[in-house]
Structures are given as C-alpha cells and as structure tokens.
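Welcome! Here is a short guided tour for anyone meeting this protein chain for the first time. Have a look at the picture, then read on.

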Amino acid sequence: MDDLDTKALALLCENGRISWAELAQHLQLSAPAAAERVRKLEERGIIRGYTALLDAASFGYGLVAFVAVTLGKCKHRKAFLRAIKKLPEVLECHRMTGEDDYLLKLLVRDTAHLDTLVTDSLRTIDGVQRTKTSVVLSTIKETAFGQFHRVPAATSTE
C-alpha cells in the first residue's frame, strides 16, 4: 500500500459516494486509474464494503446497551455464537479476556425491548451462566475505523 492508496482510503472514508472523477482529481490520476486502485484495495480485502450510516432513533431504536456474558463451559461457545448471529439487535459481539467471556453491543427500541431480549433470548441460550447489562445514557464519540483524521499507514504485505 503506497501513499496514493492511503490518500484514496482517507477520501473514501470521508465520502464513500465520491465519484471516480472527483477521486481521480484529488489523487492526480485518471478516473479509470483511480477506479482500478480502489478495485485492487477491494480485492485485497482492505476495503470490505460500503454502507450508509443510518440514524437508529429515526426507526424507533433509541436505546444502546452493552451486555457482558459469561458462559458456564467452553463447549457452549459454538451454540452461543450461532444464536447470537441470529439476533438482529446484537450489533457487535466481542470475545473478551477477564471475568466475562463476551461483550455484546445491543440496539433496541426501549427498556421493555431490552428486558425481553436479555430475559427471553440471551439468558435462554444453552450455557449462558450470567449476564451483566449496562445501558448507554449518551454517546460522546463513536467512530468507524478509517474515519480518523488520517488513515493510518499500514504495514506493507507485498
């Protein structure tokens, strides 16, 4: 990955809908050359996809919560992960060190929805021994990777 790739990534993170012509102008390339660079970044898996960032509250999902989950035994891990992947309210699932095994980020409508999800879905998954729920009061900063001031220089794998 060279400086032009890094600059292209920064521009795409800032505006994922940038035209090839505009991207090319910033990179001082032709539009086909800029498009080819981006295609190669996609093929290498550096760019994993494109998405629109939606306001969840506009759809009635105004409550974010984090749930720490402890499994009773390691043998329950696969079943737990299969069940978690089926729950659309689970935005993120992280395997953790320390006292808890997983940390889940949930997006729900309200506390009643959260209660139902934790009680009737999460706690009924085979092997779930304990859950600890924290409700988010406000979000001060939430940044997707690549939306930094500068895209970090990556170690070359070529």
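Of the 158 residues in the protein chain, 30% count as buried. Please keep in mind that this is a predicted model.

**The overall layout**

The secondary structure of the protein chain adds up to five helices and four strands. Starting from the N terminus, the order of elements is α-α-α-β-α-β-β-α-β. The radius of gyration is 20 Å, well over the 15 Å that the globule rule gives for 158 residues, so the protein chain is more spread out than a compact globule. Along the principal axes, the C-alpha atoms fill a box of roughly 55 × 40 × 25 Å.

The accessible surface comes to about 11,000 Å², and 52% of this surface belongs to carbon and sulfur atoms. As for contacts between residues at least 6 apart in sequence, 62% of them join residues at least 24 apart.

**Inside the protein chain**

Let us now step into the interior. The largest nonpolar core has 19 residues, and those with the most contacts inside this core are Val-69, Phe-80, Ile-84, Leu-104, Leu-106 and Leu-122. Which elements give two or more residues to this core? They are strand S1 (63–71), helix H4 (77–85), strand S3 (102–108) and helix H5 (111–122). Strand S1 provides the largest share, five residues.

Ile-84 offers a good view of the surroundings. Leaving aside neighbours within four places in sequence, Ile-84 is in contact with Val-90, Cys-93, Leu-104, Leu-122 and Ile-125.

Apart from the largest core lies another core, of 13 residues, which includes Met-1, Leu-9, Ile-18 and Ala-24.

**An aromatic pair**

How many aromatic pairs does a search of the whole structure find? The search finds one. Its partners are Phe-80 and Tyr-102, whose ring centres are 5.0 Å apart. Their planes meet at 40°, so the pair is tilted; planes under 30 degrees apart would count as stacked and those over 60 as edge-to-face.

The pair links distant parts of the chain, with Phe-80 in helix H4 and Tyr-102 in strand S3, 22 residues apart. Are these two residues buried or exposed? The table gives their values, and the cut-off for buried is under 20% relative accessible area.

| Residue | Relative accessibility | Counts as |
|---|---|---|
| Phe-80 | 0% | buried |
| Tyr-102 | 4% | buried |

Phe-80 thus appears twice on this tour: among the residues with the most contacts inside the largest core, and as one partner of the tilted pair.

Technical notes. Residues numbered from 1 in each chain as written. Predicted model: local features only at pLDDT ≥ 70, side-chain atom pairs only at ≥ 80, totals over all residues. Heavy atoms only, no water. Core = buried A, V, L, I, M, F, W, Y, C linked by side-chain atoms within 4.5 Å. Buried < 20%, exposed > 50% of the residue type's maximum accessible area, 1.4 Å probe, protein only. Contact = heavy atoms within 4.5 Å. Phe/Tyr/Trp six-rings, centres within 6.5 Å; stacked < 30°, edge-to-face > 60°. Rg over C-alpha atoms; globule rule 2.2 N^0.38 Å. Areas by Shrake-Rupley, 256 points an atom, 1.4 Å probe, with all protein chains shown as cover.
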